[in-house]
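Trainee: I should like to learn how to read salt bridges, overall form and pockets in a model of this kind. May we work through them one at a time?

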Amino acid sequence: MAPSGQQVNLMSLPLPQLNVLKEQVDQEIEVMQNTLQQLKVAQNKFMESKACVEKVTSENEGKDILVPLTASLYVPGQMKDVNNVLIDIGTGYYAEKTLPEAKQYFQRKVDFVTKQMERVQPVLIEKSKMRQVVSEVMSLKIQAQLSQQQPGAAKA
């Protein structure tokens with residue numbers, strides 16, 4: 001595809017240019033797949049956070065819990081305030097929210113990430129189709145080159 005958005009006849013491109021185009025499309029697909037994977041991880045994190053907020057009830061007040069200090073280190077604690085939670089809003093900032101506010105926050109985040117995933121998926125599908133077409137054109141050109149070389153070899 002030309003930079004200005006014009007379509008280019010792939011059959012008119014030489015094999016080395018087709019190879020460069022295929023490598024470029026492969027890289028774009030890899031970046032989009034990584035992006036989609038990161039979005040899926042973020043979506044799962046927000047959904048898990050929302051589910052945890054929904055489990056906080058007034059019956060939990062005073063109950064013993066394990067408080068994570070790191071991913072593998074916990075200390076015992078007690079639920080004191082079951083009406084408010086601190087949520088990580090990014091880059092080391094936390095915000096105190098009521099339970100309904102926290103649920104709404106995480107739902108907004110899930111919705112936002114889902115929309116981003118829905119934007120990436122069609123582009124990824126289109127790039128995959130483009131890679132398939134470029135690969136098919138490359139195969140046709142290679143077959144054509146081989147068939148031109150074989151009659152020449154038979155004459156010698």
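Mentor: Let us begin with a single ion pair in this predicted model. The side chains of Glu28 and Lys127 form a salt bridge, with 2.6 Å from N to O. This pair joins distant parts of the chain, since Glu28 belongs to helix α1 and Lys127 to helix α2, 99 residues apart.

Trainee: Is Lys127 buried or exposed? And how is Glu28 classed?

Mentor: The general idea is to compare the relative accessible area with the cut-offs: under 20% is buried, over 50% is exposed, and values in between are partly exposed. Lys127 has 18% relative accessibility and therefore counts as buried. Glu28, at 24%, counts as partly exposed.

Trainee: Which residue does Asp26 meet within helix α1?

Mentor: For a pair within one helix, one looks at the spacing along the chain. The side chain of Asp26 meets that of Lys22 in a salt bridge of 3.2 Å, N to O. Both residues lie in helix α1, four residues apart, which is about one turn of the helix. Asp26 has 25% relative accessibility and so is classed as partly exposed; Lys22 is also partly exposed, with a relative accessible area of 23%.

Trainee: What links Lys22, Asp26 and Arg131?

Mentor: Here one looks for a residue that takes part in two pairs. Asp26 also forms a salt bridge with the side chain of Arg131, at 3.4 Å from N to O. That contact connects distant parts of the chain, with Asp26 in helix α1 and Arg131 in helix α2, 105 residues apart. Lys22, Asp26 and Arg131 are thus linked in a network of salt bridges. Arg131 is partly exposed, because its relative accessibility is 30%.

Trainee: How many salt bridges does the structure hold?

Mentor: The structure holds four salt bridges; those discussed above are among them.

Trainee: In what order do the elements of the protein run?

Mentor: One reads the elements from the N terminus on, and here they run α-β-β-β-β-α. The protein has two helices and four strands. Helix α1 spans residues 15-55, and helix α2 spans 99-155.

Trainee: What radius of gyration does the protein have, and what would a compact globule have?

Mentor: The idea is to set the value beside that of a globule with an equal number of residues. A compact globule of 156 residues would have a radius of gyration near 15 Å, but this protein has 27 Å. Its C-alpha atoms fill a box of roughly 95 × 35 × 25 Å along the principal axes. Of the 156 residues, 24% are buried.

Trainee: Which residues lie nearest the centre of the largest pocket, and which elements contribute to its lining?

Mentor: A pocket is read through its volume, its lining and the elements behind that lining. The largest pocket contains about 1100 Å³ of space. Its lining comprises 30 residues, with Cys52, Val67, Pro68, Val85 and Leu86 nearest the centre. Helices α1 and α2 and strands β1 (64-68) and β3 (84-90) each supply at least two lining residues. By class, the lining has 19 nonpolar, four polar and seven charged residues.

Trainee: Where is confidence lowest, and where is it highest?

Mentor: Where pLDDT is low, the predicted coordinates should not be read in detail. In this protein the mean pLDDT is 90, and 92% of the residues reach 70 or more. Confidence is lowest in α2, at a mean of 90, and highest in strand β4 (residues 93-98), at 96.

Conventions:
Residues are numbered from 1 along each chain as its sequence is written. This is a predicted model: local features need pLDDT of at least 70, side-chain atom pairs count only at pLDDT 80 or more; totals for chains, interfaces and linings use all residues. Side-chain values use heavy atoms; hydrogens and water are left out. On a 1 Å grid over the protein atoms alone, a cavity is a set of points where a 1.4 Å probe fits but cannot get out, and a pocket is an open set with protein on both sides within 12 Å along at least five of seven lines; lining residues have an atom within 4 Å of a point. Grid points are joined across faces, edges and corners, and a volume is the space filled by probe spheres set on the points. Ala, Val, Leu, Ile, Met, Phe, Trp, Tyr, Cys and Pro count as nonpolar, Asp, Glu, Lys and Arg as charged, and the others, Gly among them, as polar. pLDDT is the predictor's confidence in each residue, from 0 to 100. Buried means under 20% relative accessible area, exposed over 50%, partly exposed in between (1.4 Å probe, protein chains only). The radius of gyration is taken over C-alpha atoms; the globule rule is 2.2 Å times the number of residues to the power 0.38.
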